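Hi everyone, thanks for making time. I'd like to walk you through one model today, so please have the viewer open and follow along with me.

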Amino acid sequence: MFNQSKQKPTTKLMWQAWLIYTALAAYLAEEQTLRQACLSCDGTQSCNCSSMGLEFIPSGLTGEITVLNLAQNRIKLIRAHDLQQAVNLRALLLQSNQISSIDEDSFGSQGKLELLDLSNNSLAHLSPMWFRPLFSLQHLRIQGNSYSDLGESSPFSSLRNLSSLHLGNPQFSVIRQGNFEGITFLNMLKIDGVNLSHYEPGSLKSIRKINHMIISIRRTDVFSAVIRDLLHSAVWLEVREIKLDIENEKLVQNSTLPSTIQRLTFNGASFTDEYISRIAVLLKEITSLRELEAIDCVLEGKGVWDTKEIAQSRQSSVETISIKNLTIQDFYLFFDLEGMETQVEKLKTLSIVSSKVFMVPCRLARYFLSLLYLDFHDNLLVNNRLGETICKDSWPSLQTLNLSKNSLKSLKHAATYINNLHKLINLDLSENNFGEIPDVCEWPENLKYLNLSSTQIPKLTPCIPSSLEVLDVSANNLQDFGLQLPFLKELYLTKNHLKTLPEAAAIPNLVAMSISRNKLNSFSKEEFESFKQMELLDASANNFICSCEFLSFIHHEAGIAQVLVGWPESYICDSPLAVRGAQVGSVYLPLMECHRSLLVSLICTLVFLFILTLVVVGYKYHAVWYMRMTWAWLQAKRKPKRAPAKDICYDAFVSYSENDSNWVENIMVQQLEQACPPFRLCLHKRDFVPGKWIVDNIIDSIEKSHKTLFVLSEHFVQSEWCKYELDFSHFRLFDENNDAAILILLEPIQSQAIPKRFCKLRKIMNTKTYLEWPSDEEQQQMFWENLKAALKS
């Protein structure tokens, strides 16, 4: 009994373990299947399976996936179980497949889905059952399918959080009442209905507010019905591809609700002269309308409008008109809009861009009493017509004028006409080919902003007004900037040829400057800090020379990263070659390269100390003597060891100290030169060649003498020149092992008193006999006899 009760829990645990193992194996198998079908997924939160040729939604989807991209495959069917495990999906992208069928409960597990894209498939109808579980859906795209209508009821009734909806296709032709029931607010509604032929009035009234409504339609009657329904809900209505024709029915019916349309855009529309007159009257009924826009539209007419009907209607509430890329097929025959003067008095903003405008009649220009902003970018305005467009008393309130990319050639003439605009603050003359700039110009006194970029001006002159706060002269041929602009706050010098930053003293209040794409090599700490008010500096895309000074400044300047725009990725070293292409902020040059002056000073100091050490050591160990002897030896090597007899001029060369000259000159010379026969003695005072180097005199005299007679004394040992003579004799004569040297000891002297370097002389004095001058007169006669005998030997 006990054993049986013990086996039951064990068996139960085994079954539980088996079930867990089976579930885990199934989960891993599904995950592996997903990995095989969608290699870029790998079970992460975002799964990209687009453009993989899939015919079915891959199995193995898990609850971890939040984004699933299955676009541009060949999926034809969405089955009920395909997305069952993907309970945390936030975005599901199924566009550009071949989906023609969706099971009714296919999205039953996608209660958290926020974006669903089913566009460009083959859905022939829409079922409300598909979207019923998607109560979190915010963005739905179902355009580009093959359905012709939205059904008898609303397929979107359960989508209470929907924010944007894009629907329609070339086959879409019918919108019925009730199709948008359940939707109360949309940030954007886009309907592709170029072939929309039947619109039941009131179909869009269920939507209380639409911030941006975009509808592509061609029929004027449908447009009128749509605009009536949207009159009290849409804020911005954009109509595309319509060809507007005569419509006599009023847009505004009897209603107590205020209109909400503030902006009306025609994109790709086509107008006739007749409809322009009619629509101008009809749009005045929309009292909330403030902005009217026409983009890529075509005007089939010559401007022959019913200005009388327009003038008799109520005052327009439109404050802004924007026209871009308007095509007037016969623009050269277009009339001058006479009779429209009273319709422009309240206009505040007018923009006519890329529409071949070449002038505005002065008569009409004077009626733009409230206009603050005028944009004529990319038109055909020329100097000789500018006087008509900007005549005296025209555009009296204008503050901003854009004449960029026209055909203006003379800056001086343009400035003269623009000077009529007394309240002008902002002026854009960029992309006009002026080519030159005058020295003096007349400008409106309140002008603060001037754009002269891409105008081919080669320099800057006082023509630039000193009142400016913003100046743009980018993309010109400027070599320098030398203007005095005391109020300037922003300066744009991009794409010029400047090599240095402008002088800060000339623009003391500058806050922002762009000098990118110039020839700037570097800038110093002093230049940078001289701009006291600078907050932004764009010096990117220059060829920086990463010198030690520049890098030191960059690395040690606090807060430079907050000032430099595009730092650090747009600041690249061009040289030295070793760091070319590297970011300036990441370059550190070797210490030795950055402190060359210190290195040179250190080397010079070491060399000086080395030389000083050599001098001290040489003096102590008589190195100078050894060098002299080496030179003498080199000189003597080129001569024979013994001079030829014909070159011997003297019997003896006498080497003595100047302090012993009395004895030598008055006693010894008389005894020897007056002897019979007389001896020829060589004395330095008497026989040295004047102007000849004294060392050469000594060497030549010794070599031209038969003997060398040294008069030794304490003075001799201390004499510098005696050392020279003794040096050479020691080197030349003693080394030849001859007896050419005769030593006379004038006074007692110890051999130790002779310098140690004269080792042979010391040896001779220790080993050989020398003549000693006696003090006794009787012995002096014997001294002279011995000396004469030595000289004759």
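Let's start at tryptophan 663, which counts as buried because its relative accessibility is 8%, under the 20% cut-off. Keep in mind that this is a predicted model. Tryptophan 784 is buried too, with a relative accessible area of 4%.

Now, how many aromatic pairs does the structure hold? There are 23 of them. Our two tryptophans, 663 and 784, make one such pair: the ring centres are 6.1 Å apart and the planes sit at 15 degrees, so this pair is stacked. Tryptophan 663 belongs to helix 15 (residues 661-673) and tryptophan 784 to helix 21 (residues 777-792), so the pair ties together parts 121 residues apart in sequence.

Staying with rings for a moment, Phe523, Phe528, Phe544, Phe550, Phe553, Trp567 and Tyr571 form one aromatic cluster. And if you go to tryptophan 236, you'll find the charged end of arginine 263 over its ring, 3.8 Å from the centre.

On to the sheet. Here 5 strands form an open sheet with parallel pairing, in the order 32-31-33-34-35. Strand 32 (681-682) and strand 35 (771-772) are the edge strands, each pairing on one side only. Helix 17 (residues 694-703) packs on this sheet and touches strand 31 (650-655), strand 32 and strand 33 (705-712). The direction of helix 17 makes about 120 degrees with that of strand 33.

Finally, strand 34 (residues 741-745) pairs with strand 35 in the parallel sense over 2 bridges. Which residue of strand 35 is the bridge partner of leucine 745? That's glutamate 772. Thanks, everyone!

Notes. Residues are numbered from 1 along each chain as its sequence is written. This is a predicted model: local features need pLDDT of at least 70, side-chain atom pairs count only at pLDDT 80 or more; totals for chains, interfaces and linings use all residues. Side-chain values use heavy atoms; hydrogens and water are left out. Two strands pair if DSSP finds at least two bridges between them. Helices (H or I, at least four residues) and strands (E, at least two) are DSSP runs, numbered from the N terminus. Contact means heavy atoms within 4.5 Å. Axes are lines fitted to C-alpha atoms, for helices over the stretch in contact, and angles run from 0 to 180 degrees between N-to-C directions. Rings of Phe, Tyr and Trp (its six-membered ring) pair if their centres lie within 6.5 Å; planes under 30 degrees apart count as stacked, over 60 as edge-to-face and the rest as tilted. Buried means under 20% relative accessible area, exposed over 50%, partly exposed in between (1.4 Å probe, protein chains only). A charge sits over a ring if NZ of Lys or CZ of Arg is within 6 Å of the ring centre and within 35 degrees of the ring normal.
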